[in-house]
Amino acid sequence: LLAKTDGSHQAIDEAREVSLLADSFGSALTLLASADATLSEITWLSLRVSATATLLAAALGLPLGAWVALARGGWRQSVIVVLNAAMGLPPVVVGLVVYLLLSRSGPLGTLGWLFTPAGMVMAQTVLITPIIAALARQTIEDAHAPLADWFASLGLTTTQRVVTLLHEARFSLAVVLLAGFGRAIAEVGAVMMVGGNIAGSTRVMTTTIALETSKGDLPLALALGMLLVTLVLMVNGGAQALKRWMERRHG
């Protein structure tokens with residue numbers, strides 16, 4: 001009798017969980033369909049922060065990657081190792097370093113960027129610059145190989161070669177930037193530490209998902225999760241489409 005009672009209670013609990021999940025998914029879809037104001041605000045901030053960080057990382061990482069690709073010093077291999085290793089930097093470590101830099105007693109504390117979108121942009125920029133630089137280095141190196149003799153015959157300087165190669169490989173580098181953006185928008189650790197996850201100010205998609213899940217507010221977390229997955233898929237799909245278009249164009 002006790003076994004039957006326990007089985008009945010378990011069945012009831014499972015039914016309740018299924019009903020809760022179904023209700024949460026339904027509410028999440030309603031939030032997405034109605035373009036909920038909170039959802040839109042969080043999404044827009046996420047896109048703005050990640051896009052700004054990607055542009056800054058591109059301004060730093062693309063020239064750095066091109067310079068390393070064309071360098072011939074004995075230190076070159078060491079720099080490549082450092083860049084490749086930095087691609088796997090733990091986000092929480094980046095967040096900690098940026099937090100210390102921007103804290104009131106830190107060297108950049110006077111900027112007042114801690115717990116602001118600007119600080120979050122800085123954290124994401126530090127995180128994805130090595131990724132863009134390392135991928136750009138390989139892309140530029142591949143593009144330079146068939147043009148090296150031609151550049152030598154023209155007597156181009158390193159700066160002229162870098163500018164030319166950045167232009168020639170611009171479509172491949174666009175794929176690199178999309179990869180950096182996808183990494184930035186899906187990041188949670190660094191932006192939570194530096195931004196503070198403040199409602200209406202620094203709350204982005206990933207930090208909101210973590211917070212709302214811990215609070216048990218599944219509809220908002222699911223809505224943001226579905227939207228985030230859709231954005232990541234669109235970015236990756238765009239990168240693949242651009243790559244196929246380039247292959248057909250240069251085929």
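**Questions on a predicted model**

Colleague: In α10, which residues are buried?
Modeller: This is a predicted model, so every value here is computed from it. Buried means under 20% relative accessible area. In α10 five names pass that test, and they are M205, T206, T207, T208 and E212.

Colleague: Just after α10, what phi does G216 take?
Modeller: G216 comes just after α10. Its phi is positive, at about 90°.

Colleague: How many cavities of 30 Å³ or more are there, and how much space lies in the largest cavity?
Modeller: The count of cavities of 30 Å³ or more comes to 1. The space in the largest cavity is about 60 Å³.

Colleague: Which element gives the largest share of the lining of the largest cavity?
Modeller: The lining residues are S46, V49, S50, M120, Q124, A184, I185, E187, V191, V204, M205 and T206. Elements that give two or more of them are α2 (37-70), α5, α8 (170-185) and α10 (205-215). The largest share is 3 residues, and it comes from α2.

Colleague: How do the residues of that lining divide into nonpolar, polar and charged?
Modeller: M205 and T206 belong to the lining of the largest cavity. Both are also among the buried residues of α10. By type, the lining of this cavity divides into 7 nonpolar, 4 polar and 1 charged.

Colleague: Where is V68, and is V68 buried or exposed?
Modeller: V68 has its place in helix α2. Its relative accessible area is 0%. The cut-off for buried is under 20%, so V68 counts as buried.

Colleague: Which residues is V68 in contact with, leaving aside its neighbours within four places in sequence?
Modeller: F151 is 83 residues from V68 along the chain, and their C-alpha atoms are separated by 17 Å. Contact needs heavy atoms within 4.5 Å. Leaving aside neighbours within four places in sequence, the contacts of V68 are R76, V79, I80, L83 and R137.

Colleague: What separates the C-alpha atoms of A86 and P130?
Modeller: A86 lies in helix α3 (residues 76-86). A86 is buried, with a relative accessible area of 15%. A86 and P130 are 44 residues apart along the chain. Yet their C-alpha atoms are separated by just 5.7 Å.

Colleague: Which residues is M87 in contact with, leaving aside its neighbours within four places in sequence?
Modeller: M87 lies in the loop between α3 and α4. M87 is partly exposed, at 31% relative accessible area. Leaving aside neighbours within four places in sequence, M87 touches P130, I131, A134 and L135.

Colleague: How far apart in space are M87 and A210, C-alpha to C-alpha?
Modeller: In sequence, M87 and A210 are 123 residues apart. In space, C-alpha to C-alpha, the figure is 24 Å.

Colleague: Are α5 and α7 roughly parallel or roughly perpendicular?
Modeller: Two packed helices are described by the angle between their axes and the distance between the axes. The axes of α5 (residues 117-144) and α7 (residues 158-168) come within 10 Å and cross at roughly 100°. Angles of 65 to 115 degrees count as roughly perpendicular. That makes α5, relative to α7, roughly perpendicular.

Colleague: Which residues in α7 do I140, A143 and H144 in α5 meet?
Modeller: The residues of the contact of α5 with α7 divide into 4 nonpolar, 1 polar and 1 charged. On the α5 side they are I140, A143 and H144. On the α7 side they are R161, L165 and L166.

Colleague: Which element gives the largest share of the lining of the second largest pocket?
Modeller: About 240 Å³ of space lies in this pocket. Its lining has 13 residues, of which V175, V176, A239, Q240 and K243 lie nearest its centre. Two or more lining residues come from each of α8 and α11 (218-250). The largest share is 7 residues, and it comes from α11.

Colleague: What is the phi of F115?
Modeller: F115 sits in the loop between α4 (91-102) and α5. F115 is partly exposed, at 36% relative accessible area. F115 is not a glycine, although its phi is positive, at about 65°.

Colleague: What is the phi of N197?
Modeller: N197 has its place in the loop between α9 (189-195) and α10. N197 is buried, with a relative accessible area of 11%. Here too the residue is other than glycine and phi is positive, near 55°.

Technical notes: Residues are numbered from 1 along each chain as its sequence is written. This is a predicted model: local features need pLDDT of at least 70, side-chain atom pairs count only at pLDDT 80 or more; totals for chains, interfaces and linings use all residues. Side-chain values use heavy atoms; hydrogens and water are left out. Axes are lines fitted to C-alpha atoms, for helices over the stretch in contact, and angles run from 0 to 180 degrees between N-to-C directions. Helices (H or I, at least four residues) and strands (E, at least two) are DSSP runs, numbered from the N terminus. Angles under 35 degrees count as roughly parallel, over 145 as roughly antiparallel, 65 to 115 as roughly perpendicular and the rest as oblique. Ala, Val, Leu, Ile, Met, Phe, Trp, Tyr, Cys and Pro count as nonpolar, Asp, Glu, Lys and Arg as charged, and the others, Gly among them, as polar. Buried means under 20% relative accessible area, exposed over 50%, partly exposed in between (1.4 Å probe, protein chains only). On a 1 Å grid over the protein atoms alone, a cavity is a set of points where a 1.4 Å probe fits but cannot get out, and a pocket is an open set with protein on both sides within 12 Å along at least five of seven lines; lining residues have an atom within 4 Å of a point. Grid points are joined across faces, edges and corners, and a volume is the space filled by probe spheres set on the points.
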